[in-house]
Amino acid sequence: MSVLHSKKILLAVSAGIAAYKAAFLVRGLIKKGAEVKVIMTPEAQNFVTPLTLSTLSKNPVEWEFFGDKGDWNNHVEYALWADYMLVAPCTANTLSHMADGTCDNLVLATYLSAKCPVYFAPAMDLDMYKHPSTLENISKLESFGNICIPAEAGELASGLVGEGRMAEPENIIDFLERTIAATLPLYGKKVVVSAGPTYENLDPVRFIGNYSSGKMGFEIAKAAADLGAKVTLVSGPSHESVMGYPIERIDVVSARDMYNAMHANFADANVVVMSAAVADYRPKETAEQKIKKENDDNLIIELVKNPDILKSLGEIKTHQLLVGFALETNNEEEYAKKKLAKKNLDFIVLNSMQDKEAGFQKNTNKITIIDKDLSMQQFEAKSKADVAKDILNVILNKL
Ligand code: C5P
């Protein structure tokens, strides 16, 4: 999923020929899942119609101070609404007015009111783009913390060839995605999450498994990706999905597969969250053919211990923040604290089968986080998506 997903983007269009590309920009941003509103300078309507942009953005387009409610405050409302403001095209005129604080149209007033990051994509003829006053205005806006999306080189509307035409809409969107991702708190960090059950095969058609759905681990993986992390999700058999998220998913079946995948991804990980419900034992032998019913009333299957993946990671950990889960039915705190120490964890997430909101297959969870210094944080019952955010907050504080 793009970092632009569900972000509110205010596109401010000023009066240059590149304004026709605003239509492609709106479409591209919407395709990324952003919510888009468009405002224009009055003259920009000569280059692209408000009707085109309102149809594509599915929002009314305005260019006057008096909004459709007849009030004066639409510039403030737009500015407060936006997560990001993008002035594209940003003509030499709008650029200079933004730099000197002029406030004689809706775009400029909204710009002055904006508290969100402001991006601007200059668009002008090559000599205008090179002019010292333009360069000074760009530097001035950058000194205010605004972000310039540099113009590109090519044929200009004047017929001249050079630098000055607005960056192509797909390059602007790329630029936004890259720079926004770089501001996220887990940008540059690798987070490895395990999820779901493991299946330990008895024969080609039967296995020993458990009721884990994988929901909790999948939500943790998504929450980490939303914070900009590079996420690897190692999942046992699960119907959950991470479609649309930039998450590397490795599907495994048995505990030993999971062991291998977790170890292969451990060395360069910054954070490892082991939320999978790993089978502690597996059949000593996996029959090559389906086990047949015999006359005996009992069938005895010999089980052998699986490796404790988390413990093995705890033994070799260097810089990694290591997080485990404990699902208990009784003596919850005591058992969880023992696991925390035995597996060399930074913290453990405890959920109790005694809580009706917690457990396998549920959409909610109720957790207590026990830190390695044994301090405890209790959380209310909430959706697994919100529980994942709480866990990620604790991780962020520790990083
Ligand atoms: O010891 P217990 O199974 O209760 O510990 C639970 C924690 O250990 C979970 O984080 C689980 O993913 C992990 N675990 C593991 N390998 C096993 C069993 C559990 O990594 N064989």
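This passage describes the ligand site and the largest pocket of a predicted model. Local features required pLDDT of at least 70 and side-chain atom pairs pLDDT 80 or more, whereas totals for chains, interfaces and linings use all residues. Residues are numbered from 1 along each chain as its sequence is written, and side-chain values use heavy atoms, with hydrogens and water left out.

The shell around the ligand (residues with a heavy atom within 4 Å of it) includes Met 274, Ala 276, Pro 307, Ile 309, Phe 325 and Lys 339. By class, the shell comprises 7 nonpolar, 1 polar and 4 charged residues (Ala, Val, Leu, Ile, Met, Phe, Trp, Tyr, Cys and Pro count as nonpolar, Asp, Glu, Lys and Arg as charged, and the others, Gly among them, as polar). Helix H11 (309-316) and strand S17 (321-328) each contribute at least two shell residues; helices (H or I, at least four residues) and strands (E, at least two) are DSSP runs, numbered from the N terminus.

Nitrogen atoms of the ligand lie 2.9 Å from a backbone N or O atom of Pro 307 and 3.0 Å from one of Ile 309. A ligand oxygen atom is 2.4 Å from a side-chain N or O atom of Lys 339. The protein covers 86% of the 440 Å² of accessible area that the ligand has on its own (Shrake-Rupley method, 1.4 Å probe).

The lining of the largest pocket has 16 nonpolar, 12 polar and 10 charged residues; lining residues have an atom within 4 Å of a point on a 1 Å grid, and a pocket is an open set of points where a 1.4 Å probe fits, with protein on both sides within 12 Å along at least five of seven lines. H12 gives the largest share of this lining, 4 residues.

Methods:
A polar contact is a pair of N or O atoms within 3.5 Å; within protein, one must be able to donate a hydrogen and the other to accept it, and residues adjacent in sequence count only if both atoms are side-chain atoms.
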